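Reader: I'd like a close look at one small part of this protein, a turn in the chain where the backbone does something unusual. Please start there and work outwards to what surrounds it, in plain terms.

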Amino acid sequence: MKKMIKSRLIAVHKDQVLVLKKVERPLRYTLPGGVKKKKETESETLIREVGEEIKLKLSHSQFNFYLSHIKKGKFQTVLKNYYLVQLKPKPIKVKETHKFEEALWLEWKEALPFMDKMDRMAVRSYFKSLGRKLKKEKSNGYKVPPRLAM
């Protein structure tokens, strides 16, 4: 069985997430990132793919691993590694205009219905855990550690 490893960036600012609007119809959003090449690490994949797709230069110190998700199919297993970065919501230019119309900062709940299942799960997981963390901090000062894997 073939194995494909992908790296995806969850770029956030408050309740917004950075998404790429795909060229095709119907309306689809995706997170920046792509497929790992043989001799690179997952984080190197993220830096390379994000730099190819949009005008955003990342360094290893800017982002942290968030979670991995495995999808097993009949012919292929897909492993998606999600990385988290906090950014200011500035306009970001798309480089791969044959794939993406634009890069948008959207409220996360607005973007979810138009994302693929794995990306939707990762984004929802981050914002839901953030909401729980904020509630617990307000109620009794208890802090929840970041969620690293599923």
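Author: Let's begin with Pro 26, which is found in the loop between S2 and strand S3 (29–30); helices (H or I, at least four residues) and strands (E, at least two) are DSSP runs, numbered from the N terminus. Before going on, note that this is a predicted model, in which local features need pLDDT of at least 70 and side-chain atom pairs count only at pLDDT 80 or more, while totals for chains, interfaces and linings use all residues. Residues are numbered from 1 along each chain as its sequence is written, and side-chain values use heavy atoms, with hydrogens and water left out.

The peptide bond that joins Arg 25 and Pro 26 is cis, with omega about 0°. Another backbone feature belongs to Lys 14, found in the loop between S1 and S2. Phi of Lys 14 is near 55°, a positive value in a residue other than glycine. For comparison, most residues other than glycine have a negative phi, and most peptide bonds are trans. Lys 14 counts as exposed because its relative accessibility is 66%; buried means under 20% relative accessible area, exposed over 50%, and partly exposed in between (1.4 Å probe, protein chains only).

Moving outwards, the protein chain has 3 helices and 7 strands, arranged along the sequence as β-β-β-β-α-β-β-β-α-α. Of its 150 residues, 43% count as buried.

Next comes the largest nonpolar core, with 23 residues. Such a core is a set of buried Ala, Val, Leu, Ile, Met, Phe, Trp, Tyr and Cys residues joined through side-chain atoms within 4.5 Å. Ile 10, Val 17, Val 19, Leu 31, Met 115 and Val 123 have the most contacts inside it. Among the elements that give two or more residues to this core are strand S1 (2–13), strand S2 (16–22) and helix H3 (117–140). H3 gives the most, with 6 residues. Apart from this core lies another, of 18 residues, including Ala 11, Val 85, Leu 87 and Ile 92. In soluble globular proteins, nonpolar side chains tend to be buried together.

To see how the larger core is joined up, take Val 123. Leaving aside neighbours within four places in sequence, Val 123 is in contact with Ile 10, Val 17, Leu 31, Trp 108, Leu 112 and Met 115; contact means heavy atoms within 4.5 Å.

Trp 108 leads us to the rings. The structure holds 6 aromatic pairs, where rings of Phe, Tyr and Trp (its six-membered ring) pair if their centres lie within 6.5 Å, and planes under 30 degrees apart count as stacked, over 60 as edge-to-face and the rest as tilted. Phe 63 and Tyr 83 have ring centres 5.5 Å apart and planes at 80°, so this pair is edge-to-face. Phe 63 lies in the loop between H1 and S5 and Tyr 83 in strand S6, so the pair ties together parts that are 20 residues apart in sequence. Both Phe 63 and Tyr 83 are buried. Trp 108 and Phe 127, by contrast, are stacked, at 5.1 Å centre to centre with 5° between the planes. Trp 108 lies in helix H2 and Phe 127 in helix H3, so their pair ties together parts that are 19 residues apart in sequence. Relative accessibility is 9% for Trp 108, so Trp 108 counts as buried; at 6%, Phe 127 does so too. Ring pairs link Tyr 66, Trp 108, Tyr 126 and Phe 127 into a cluster.

Tyr 83 also has Ser 43 beside its ring partner: not counting residues up to four places away in sequence, Ser 43 touches His 60, Phe 63 and Tyr 83. Ser 43 belongs to helix H1 (residues 42–53) and is buried, with a relative accessible area of 17%. In S6, Tyr 83 stands opposite Phe 65. S5 and S6 pair in the antiparallel sense over 8 bridges (two strands pair if DSSP finds at least two bridges between them), and they form a hairpin with 3 residues between them.

Finally, a word on confidence. The chain averages a pLDDT of 89, and 87% of the residues score at least 70; pLDDT is the predictor's confidence in each residue, from 0 to 100. Over residues 140–144, pLDDT stays under 50. Where pLDDT is low, the predicted coordinates should not be read in detail.
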